[in-house]
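Work through the following exercises with the model open beside you, and compare each of your steps with the solution that follows it.

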Amino acid sequence: MSYVSISFCVFLALTVIAYYLPILRKLQWLVLLIASLIFYAFTGIPFMVFILAATVVTYLGALSLDGLLQSRDLEKSKLDKTDREAKKSLNRKYEGLGRGVLILCLIIVFGILVFMKYANFTINMLNALFSFAHVNAALSPIYMVLPLGLSFYTFQAGGYLIDVYHGKVRAERNFLKTLLFLCFFPQIVQGPISSFEQLHPQLTGSHKFDYMNIKYGLELMLWGFFKKSVIADRAAPIVSNITADYLSFSGTASLFAVLVYALQLYADFSGGIDIIRGAARMMDIDMAENFRRPYFSTSINDYWTRWHISLGNWMKNYIFYPLAVSKGFDRIRKGIKNSAIGNTAYGKHLSNVMPGCVATMIVFLLIGLWHGAELKYVGFGLYNGIIIMISMLLTPVFEGMNKALKTASWKVPFRIFQSLRTFVLVAIGYVFDIAPSLSGAFNMMVRSVADFRLSYFAQNELPFLFGEVSAEQMQLNYIILIAAALFLFAVSLVQEISGREIRDILNERHAALQWAVLFAGAILLLTYGIYGPGYDVQGFVYMQF
Amino acid sequence: MNYRAKRCIKTISLILAIILAVYFLQEFVVMPWQPRDVQISGFYKEDRDSLDVVFIGASDMYTAFSPALAYDKFGFTSYPFAPPRNSDGMWQLQVDEILRTQSPKLIVIEVNGALYTEADELVTEENLRLFTDHMPASQHKNELIETYVNKRDRINYYIPYLKYHGNITSLRDALNTMYERLSFEGRGGLYMKGERTHFETQSFENEIWATEDDNEELDMEPGHETALRGFLDYCQAKVDCPVLFIRAPHYVTEGEEVTLEFFHRANRVGSVVSNYGFDFINFDKLHSEIGLNYDEDFHNSEHLNINGQKKFTEYLGGLLVEKYGLADSAHSDGVRAKWERAVEYYNEFVRQGKALGEKDTQKSEYEFYEAESQELLNRLSAGLKGS
C-alpha cells in the first residue's frame, strides 16, 4: 500500500477513527499495532517472518540485558560500600555477560540485514576476484526480495538494544509493544529511524483527540503529497530517461539529470517523511525530524546534520562516538601527539581531529553501504567521508583564509557562496547515486564537463525527456516543475530565515486565508499531482534502501 | 454553538468545498469532450421514454441516418447510440442501457461492430469508458464496472477525475471545454440528436466493385462470432421490442480489399442473424434502389455524406414506418416541441454547412459549440490584451 494512494488515505482515516474511539482509549497502542500489521501484510505476508524474527531477538535480548543490569544492581547493593575491588569485579562480570548478549543479538538482527542486502554483493565481489585470479570457480547469486523497511527496523532494533545495554532505557516487557515499536506503519517504509526513548512512550501512551493535531497532521501530509506527487514524480522520468542510457545523451544532459535528481530526491524523501510525520501527528505522535532544509547547508558536515537526520544521529550515537572515544582511536591521538609534528600548532590540531577523521570515514563507508550493495554506493560514502575529512584536516587553513578575506564583513554573500559551494559538492556525490556503476559515475562526471553542449541539449534533448508526451504536455510539465520548485525554494527560504514552520505562520493569519490556502493547495495537488491510472507513480526512492 | 462544533462544521465545509470543486472540474473541465462523448452524453439528455427507435452501431450508422430529418418526414423520434469503433462486445450493455432509460418500439443494430478482425476489440477500456464516463450513476453502471473492470481499477471508473485530472494543459483549453460543457447543459442536450455528417466527398480512383449480387460469405473472427451469438441469445430472451439488424451503405473499390472482406463477412453475419429469426437488411445490396450515387452521396467508402444521409434516411425511415408501424407515435407537447426545434436546427445546420463549401469538414453541432467557444475566447483574450 503506497502512501500516495487512496487506499492509504482510507486506511489512515479508519485507523484514526478507531484510535480515538472512547471505548478503545486504553488500547490505542493495540489499534496502532493491528493497523501496522495490516499495513505490513499488504506488502506480502511472508515478509512478516523477518520483522517477527527481529522482534523476537530484540525482545528477548533487551529483557536479558535489562535483567543483567538489574541483577548487577541488586548484587551491588548487597556488597560492602567500601569494597571497591568487589564492585569492579562485579561490573566486569556483568559487562562481559551483557556485551556477549548484545553482540549475539546484534549479530542476529544485523545478520538478517547483511545477508538479505549484501549476500549477492559479496558473491559478485568474490566472482570478480576469482576471475581476476584466474580461479575456475563461480558462485551463483541468490534470488531474494528485500523485505519492506528491513534496514529501518533493523537500525531501530539495534539502537534500542544498545540503549538497554547502556541502561539508558528499560526493556519493554510486552512483546507486542516491542513489535509495535519496530513496525509502526507510518515509519516502516522509509523511516525516520526513531530512538526507543523518543518513540516508544508516545506509541504506548494514551492520547486525547485534539483538533489541532488533525489539522497540523493533514497540513503536513498535504505538503508532503505536494512534494512527492507534483515535484518528485514529475521530475523522475527526466532522471530515469537520461541515466538509463546516458552515453546516448550529451554531457549537458548528465549535468541536468544530476540537478533534477537533487530536486527529485529531496522532494521525494522529505515529502514522504512529511506524509509520515503528518499521519503520526494525527494520532498525537511526534516523529523525529529528518530534514532541515539541507540545500541551505554551509558545508558537507552541516549538510549531514540536515539531511536524513535520524540516520545521521544513529550513526553518530552508535558508531561515531563509540569509535572516536575507543582505546584504539586514543592510541592514534597519542601517536600523533608524540610524533615529530606533535608539538607544532598543526600537529596539535591533527592529534585532536584525526580520530574523528578516521571514525568519519568508517561512518560514511557504512552510510554508503547502507544505501546499497554496490560499489558506486561505496564510492558515494567514501566521497562524502573524504570531503568531510579534508575540511576537518584543513580547518586552520580555511580559518586563515576567512580571516584574510574578511568574510565576516560580507556575511550574506558569503553565506550564499557557502550554500552554493556545498550544493555543488553534494550534487557531485549524487552522481554516484544515479550512475549505473562506479566507473559510470566517473564517466558521467567527466562527460558533464568535457561534453558540455548547451544549445544541442536545449534543442534536441530537453523536449523529449518526459518520454512520449505531447508538446503541450511537455511544456506544461516543465512549467509545473519550475513553478513548484520555486515555490518549494521560497517556502524553505522563509523557514530558514524565520526559523518557523509555514503552518505556524499561517495559523496566525485570518481563518479565511488559512482555509483558502488549504483549499487551493488541495485543488492544485489533485489537479497537477502524478497519481491515478495512466500516470507513472513512482515508489519512494528511499524505500529501496 | 460550542467551539468544537464550530470547528467540526468548518472542517466539513472545507472538505465539501474541495469535493464540489473537484466534481465541477471533473464534470466540466477534465473529462474528454470530443464529438463521440457529446453523442453519448446527449442520449442521456433525451426525455425518458421519448425515443421510438434507437440505433446501435459505429460511425457508419450515425453518419447514415438523420433523426431530425426522419422526424420531419415520418414523425418518429430516434437517436444513434453509436460511438465510433463500437464493437459487438458492447451491444448488450448498450441495449440494457437503452431499455433502462427508454421504451423504444424498435432497436436497430448496424452490424459493423461484428466485422472486425481483432478479437481484443470486444470490450476495450476506451469503449467502456466512453459509456461509463458519461453514464449517470445507476445500478447498471455499477454492474458494468464490476463485470468488465478488475477490482483494483474500479475506483478510477467511479471517480474519473483520478484518470483525467492531468487533462488541463492550458487555461484556454480548460475554459473552452468548460464553455462547451456548460452550453451543452444549458441547451439540455443535443438539438440534432446525436447526428454527425460530412459535407465533402472524397474522390476515389479505383473502380467500384459490384456488390449487389455478391453473396459470398467470409468467416467471422471467432471471438466476434461468439459475441454476436451471445447477443442474439440475449435479444431472444430479454428484449421485448423488435430488433432489426442492418448493414448501412458502403462501397468497395479495387484498392480497398479490407472493405470487400467486411462486405463478405457482413453476408455471413446476415446468415447468422437470420438463423436466429431476426430481420437483416444489407443496404450494400440496395444502392440503386436507394438511389445512391458514388460521386455525390458518399464521404468515403465507409460513410455517407450529407446527400447520401438524406437519401438513406428517407429510404430507411419509409421502410421502418411501413414494416414496424412507427408513424403514429404519440409524444407529449414538450417532446414534440424539442423535436420541432431539432428539425429547425437541422435545416439551419445543413444550410450553413453547405454554405461553407465542400472543403470544410464540419460534421456536427459539436463543432458549432467549439467555434462559438473559440470566438468567445478570442474576444476575451483580445479584450484582456487591449486593457
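A salt bridge is counted where a side-chain nitrogen of Lys or Arg lies within 4 Å of a carboxyl oxygen of Asp or Glu. This is a predicted model, in which local features need pLDDT of at least 70 and side-chain atom pairs pLDDT 80 or more, while totals for chains, interfaces and linings use all residues. Residues are numbered from 1 along each chain as written, chains are lettered from A and ligands numbered from 1 in written order, and side-chain values use heavy atoms, without hydrogens or water.

**Exercise 1.** Find how many salt bridges the structure holds over all chains, and place the pair Glu185(B) and Lys45(B) in its helices.

*Solution.* The count over all chains is 40 salt bridges. In one of them, the side chains of Glu185(B) and Lys45(B) meet at 2.7 Å, N to O. This pair links distant parts of the chain, 140 residues apart, with Glu185(B) in helix H10 (residues 171-187) and Lys45(B) in helix H2 (residues 35-45) of chain B; helices are DSSP runs of H or I with at least four residues, numbered from the N terminus.

**Exercise 2.** Describe how H9(A) and H17(A) pack, and name the residues that meet.

*Solution.* Begin with the axes, which are lines fitted to C-alpha atoms over the stretch in contact, with angles from 0 to 180 degrees between N-to-C directions. Helix H9 (residues 251-282) and helix H17 (residues 438-450) of chain A pack at about 115 degrees, their axes 7 Å apart. Next, list the contacts (heavy atoms within 4.5 Å): Gly251(A), Ser254(A) and Leu255(A) in H9(A) meet Met444(A), Arg447(A) and Ser448(A) in H17(A).

Methods:
Helix = DSSP H or I, 4+ residues; strand = E, 2+ residues; numbered from the N terminus.
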